[in-house]
Amino acid sequence: MSRPVPSSSSRQRRVLFVTTEIADFIKAGGLGDVSAALPRALKPTYDVRVLMPGYRQLLTAGRPIVHVASLPARHDLPACEIGRLLCEDGLIVYVVLCPELYDRVGNAYGDELGVGWADNDIRFARLAMAAAEIVNDASLLEWQVELLHLNDWATGLTAGYVRWLGKRYVPSVYTIHNLAYQGLFPVERLAALGIPSTAFHIDGVEFHGQLSFMKAGLSYASHVTTVSSNYADEITSAPLGCGLEGLLKKRALEGRLSGLLNGIDDHWDPRTDPHLAPNFGINDWHGKRANTQRVRRMFGLAPSSGPLFAVVSRLVAQKGLDLTIQVADAIVQAGGQLVVIGRGEYVIEQALIAMAALYPGHVGVNIGFDEGEARQIYAGSDFLLMPSRFEPCGLSQLYAQRFGSLPIAHRTGGLADTIQDGINGLLFDDMSLETYRATVLRAFDLFRATDLFYAMRRASMAGRLHWRQAVIPYRRLYADLLTEAIVRSDDVVTRR
């Protein structure tokens, strides 16, 4: 039975939210958005603070960072400092300051070309170890962690380090944002990272003879969550279990795996968004059309009365962009246009550029990402294309719906949980070019059926998948884990 959510009038329990991205400073995908939104949504009930690496983007953001602690070198993990940064709205971010690991040109995980850093095992083990050291030594920050919330493979070792250091038990939530990225490294790296050899087994960090950061999180965290209920079911079997389906099935049977759907912030509102010109609301189709024309001008498209399709995405194979490239001819021949924005795999980027060159005035591609431009595209497009092979949650479809753009998506993961076919978007079941093309052509029929099209647009814009609702199951989960922790022994060694 779930415990009642603590009232905000009681002392707020302390939660350390460990992440590698936060949209305030740096993001590669949905994790950055969630890391910015979820801690803030939890703030009325819990004292949530963020811990993340001190990337160059954060160091140069113009906000002061106060040094609050020093951590020694451990094994091959260099010494580091912990800094404290205060966001404008009061969110506290603790920063792992280690310039040799994090102060680099590139993104959170790799260089400017998207190639992963060769020392990513050290980089993210240092982050995980810092979190564990903060847990074990309450005097470091004069703020004692009562619960850990860990995110994706790069933080997976944290729960393991807390156990291996063996000083103090703290419950932990480990959230899978995308199981396909697992953080696999050679077994020879165990000693360098300070992982005991006794942990290298099927119920520890071992995965087909390699060290898996993801599996460490799954093995040692108190509870595992992922970002939609449908994806939580999908990953307990092949192929979406990515070789970890057996362990995940076990966690589900233990009641230790939950699917908690993401939400979006209230500032995703076409009535007030400063990036739109003009702003518009439900039934203001003149304002919506004005944004459509603006997007056409941005991408150098010809004037058109046909539908405008859009892709706002990381440009990776998971997203089914190869299929979108193949249906571009059908979109253009039927009188539609297509715009694409994003960055990712070089081969896909070049294929999209070539596609745009084939259809000048009808297809526009911008390799890169700008938040304001993305919002304009959501506001200006009629349909958003999301033929993802798998999609743990997806946020783009939620943003698009809020801005009156109907998603066309593969029925998988969070897309199946957030899109109702024929009500607030279109879904297709068979991940094939033929089925996808048929659904895109179905969108043209819908666009011409004006009354139905506008009814679906109103339904999508009226949706309320906001964080103020999505945060409720997280609050309950935290309350359950904190209550269970009260009856647990502080001697974590006995749990081995």
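Lys27 carries a "binding site" annotation in UniProt, in an unreviewed entry. The model you are looking at is predicted, so here is a quick tour of what surrounds Lys27, followed by a cavity and an annotated domain.

**Lys27 and its surroundings**
- Along the chain, Lys27 sits in the loop that runs between strand S1 (14-18) and helix H1 (30-42).
- Is Lys27 buried or exposed? Its relative accessible area is 31%, which lies between the 20% limit for buried and the 50% limit for exposed, so Lys27 counts as partly exposed.
- Leaving aside residues up to four places away in sequence, Lys27 touches Glu21, Gly32, Asp33, Phe369 and Glu371.
- With one of these residues, Asp33, the side chain of Lys27 makes a polar contact of 3.0 Å.

**Cavities**
- How many cavities of 30 Å³ or more does the structure hold? There are two.
- The second largest cavity has a volume of about 30 Å³.
- Its lining is made up of Tyr55, Gln57, Tyr102, Arg104, Gly106, Asn107, Trp117 and Arg123.
- By character, the lining residues of this second largest cavity split into three nonpolar, three polar and two charged.

**The annotated domain**
- Residues 303-440 are covered by the UniProt annotation "domain: Glycosyl transferase family", which also comes from an unreviewed entry.
- Within residues 303-440, helix accounts for 41% of the chain and strand for 20%.
- The C-alpha atoms at the two ends of residues 303-440 lie 21 Å apart.

Conventions: Residues numbered from 1 in each chain as written. Predicted model: local features only at pLDDT ≥ 70, side-chain atom pairs only at ≥ 80, totals over all residues. Heavy atoms only, no water. UniProt positions renumbered as here; feature names shortened; annotations may be inferred. Helix = DSSP H or I, 4+ residues; strand = E, 2+ residues; numbered from the N terminus. Buried < 20%, exposed > 50% of the residue type's maximum accessible area, 1.4 Å probe, protein only. Contact = heavy atoms within 4.5 Å. Polar contact = N/O pair within 3.5 Å; in protein donor to acceptor, adjacent residues only side chain to side chain. 1 Å grid on protein atoms, 1.4 Å probe; cavity = no way out; pocket = protein on both sides within 12 Å on 5 of 7 lines; lining within 4 Å. Points joined across faces, edges and corners; volume = space filled by probe spheres on them. Nonpolar A, V, L, I, M, F, W, Y, C, P; charged D, E, K, R; others polar.
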